[in-house]
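Let's take a walk through this model together. We'll begin with one covered helix, step back to a whole chain, and finish with the charged pairs.

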Amino acid sequence: MSPPLLSVRNLTVAFDTRRGTFDAVREVSFDVKPGKTLGVVGESGSGKSVTAMALMQLLPDSATVTSGSVHFAGRDLGSLDEREMQKVRGREIAMVFQDPLSSLNPILTVGHQIMEPLRLQMGLAKAAARARAEELLALVRIPSPAAIMRSYPHELSGGMRQRVMIAIALSCGPKLLIADEPTTALDVTTQAQILELLRDLQERLHMSVLLITHDLGVVAEFADEVLVMYAGRIVERSPVAALFDRPGHPYTEGLLHSMPPLEDEDPEVLPAIEGNVASPFELPAGCAFHPRCPYVFDACSKVAPVLAEMSAGHDAACLRIKC
Amino acid sequence: MLIRADNLAKHYPVTTGFFGNKVAATVRAVDGVSFTIERGETLALVGESGCGKSTTGRLLTRLVEPTAGTVRFDNIEMSELGREELRATRRRMQLVFQDAGSSFNPRMTVGALIAEPMHLAGAPAAACKARVQELLPLVGLSAEHAERYPHEFSGGQRQRIGIARALALRPDFVVCDEPVSALDVSVQAQVINLLTRLQREFGLTYLFISHDLRVVRHVADRVAVMYLGRIVEIADKATLYKSPQHPYTKALLSAVPAHRPGAVRTRTEVVGEVASARNVPSGCRYHPRCPYAMEICKTQDPELYDLGGSHRSACHLVNATH
């Protein structure tokens, strides 16, 4: 088996806020394999986006990585200085965010913004950069690239803007694409088009994708492997089919059951997960999910479960799994 | 029948010029929409952003004045009411919004927020207080929560507060505008269950506005699909999900991500993106994106053809083959 492209070990990220400090990400370890998609599922505050920002070393000032290491393509990213890291960002690891409007500069044309990384990172001359930019726009299936190059972000629809963002992300031929809720702000028909595009590009360019989402449907369609995060920890790690067939963690099971079906028989009352998402300032002792868990027993409030193997490549952090 | 909307329309002028006095274009947000809602029923309005579903909800409750068309509520013609009568009738219709929290005054306690509509309706303070104590457990909160402030609650709890506030005046009709879209997945199901339980308990009538076709399948009795200000298909839930007829409904349904990996899905193709309500295409407004578009579709605006039962669809092809 080829070595992983990205390897994260024991990553912990602490936030310092006016209300006190807390760990947004706690002892997170995972690998992304070459050419594969790892989906990261979780709700707001689960730490999924903070994990991505920590990888890219783009955390806000209030956050610090208190432990852990990140290896990418055989290099320890933690040992790089800011200039070297700048080269990794964009050229080797690229990002696409939920809201393309806030990532694009409103006063520069789309063409300018696609050509910029080509000229700065790849050192292309103006004419070559322009030709490459038009190629990229065609690659993300934008009709009449030359006209779009001259337009400003506000003149484009949400779906078009996200295509432009993907074109910019792909401009330097990254090995890893981090997509943080790439379709959440889009309408469902546009979402289907963008997911289709990402899948096609990944195959053609042999990229790895780290797909962050709250939507299990998106994961089902796109991911090869899945991490489920709850309150800063990975609670389950699994190949995608096994996660849906045999969820190991009660939280995963709850998420799957609470999604109303589109074809199967519809239950009268949806099986909901009771209670609310734990506050990071007052995390429950033991397993952070125990106050909401339908299978809770005594030990759950005392012992923090670690990931235990259920089958090959499928682990869950629940005390019900006997090692 | 509790609600009857006939040919409802809302057009917004787009003005230009230094004084904003030139009308450059018209946005046809809602453009001739008719439907009825039976008492105790849930009609869902689905569609993508900009299709006019929220504006339709606001037109029904008269938060927005229609450009044309009429709304009858419990056999009362809304446009014929005077100010006082309109206020009294409006109390029987309430709204639940996507993000209830953002509409709350942060300096008011939860109790005061829930009681506010009753105060405005002139209810005495003691009666308001008693009603708040009754409402809190009803929406799954506890009586002590009345003294707390909205920021102390999670998104799901704030939505419960919004629901309690909407129910304070014992309405007959509630417009739920994307009531669970902003909530975490694990909390969505709780709030959906709450809304369906309250409907059963109090015989409420809902207009449920949502872009989420899974949620709609669970809550609705009938579903209307909107596209660019028009209803393009309307049917009871079972029919719409089992045998959708309009190409747009088919595209919407097939675009919903699968329930599990490897599920076999045939995607109905949609080309391009939603046109602008400022510049509505000629003929059938869906024709530039429709894979089955014929010559007639470019010129003739299809009416909602009757397909039997309560199923109607605005498509020339469906009408020709039916």
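Contact here means heavy atoms within 4.5 Å, and helices (H or I, at least four residues) and strands (E, at least two) are DSSP runs numbered from the N terminus. Keep in mind that this is a predicted model, where local features need pLDDT of at least 70, side-chain atom pairs count only at pLDDT 80 or more, and totals for chains, interfaces and linings use all residues. Residues are numbered from 1 along each chain as its sequence is written, chains are lettered from A and ligands numbered from 1 in the order in which they are written, and side-chain values use heavy atoms, leaving out hydrogens and water.

Start at helix H11 of chain A, residues 250-257. Seven of its eight residues are buried, where buried means under 20% relative accessible area, exposed means over 50%, and partly exposed is in between (1.4 Å probe, protein chains only). The buried ones are Pro250(A), Tyr251(A), Thr252(A), Glu253(A), Gly254(A), Leu255(A) and Leu256(A). What sits over them? From chain A, the cover includes helix H9 (216-222), strand S9 (225-230), strand S10 (233-239) and helix H10 (240-245), and H6 of chain B joins in too.

That brings us over to chain B. Its secondary structure comes to eleven helices and twelve strands. For 322 residues, a compact globule would have a radius of gyration near 20 Å, and chain B agrees with that at 21 Å (taken over C-alpha atoms, the rule being 2.2 Å times the number of residues to the power 0.38). The C-alpha trace spans about 65 × 55 × 40 Å along its principal axes. Inside chain B, 53% of the 322 residues are buried. Among its contacts with a separation of 6 or more, 63% are between residues 24 or more positions apart.

Now for the charges. Chain B carries 39 positive and 32 negative side chains, with the centres of the two sets 2 Å apart; Lys and Arg count as positive, Asp and Glu as negative, while His and the chain ends are not counted. Each charge is placed at NZ of Lys, CZ of Arg, CG of Asp or CD of Glu.

Side chains of opposite charge can pair when their charged atoms come close. With a salt bridge taken as a side-chain nitrogen of Lys or Arg within 4 Å of a carboxyl oxygen of Asp or Glu, the count is 30 over all chains.

Take Glu92(A) and Arg75(A), which meet at 2.9 Å, N to O. Glu92(A) is in the loop between helix H2 (82-91) and strand S6 (93-96) of chain A, and Arg75(A) is in strand S5 (residues 75-76), so the pair ties together parts 17 residues apart in sequence. Glu92(A) is buried at 14% relative accessible area, whereas Arg75(A) is partly exposed at 33%.

In chain B, Asp177(B) pairs with Arg58(B), their closest N and O atoms 3.0 Å apart. This one links strand S7 (residues 173-177), home of Asp177(B), to helix H1 (residues 53-60), home of Arg58(B), across 119 residues. Asp177(B) is buried at 7%; Arg58(B) is partly exposed at 25%.

Finally, back to H6 of chain B (residues 185-202), which holds both Arg197(B) and Glu201(B), four residues apart, about one turn of the helix. Their side chains form a salt bridge of 3.5 Å, N to O. Arg197(B) is partly exposed at 33%, and Glu201(B) is partly exposed at 46%. Elsewhere, a network of salt bridges links Arg39(B), Asp74(B), Arg92(B) and Asp172(B).
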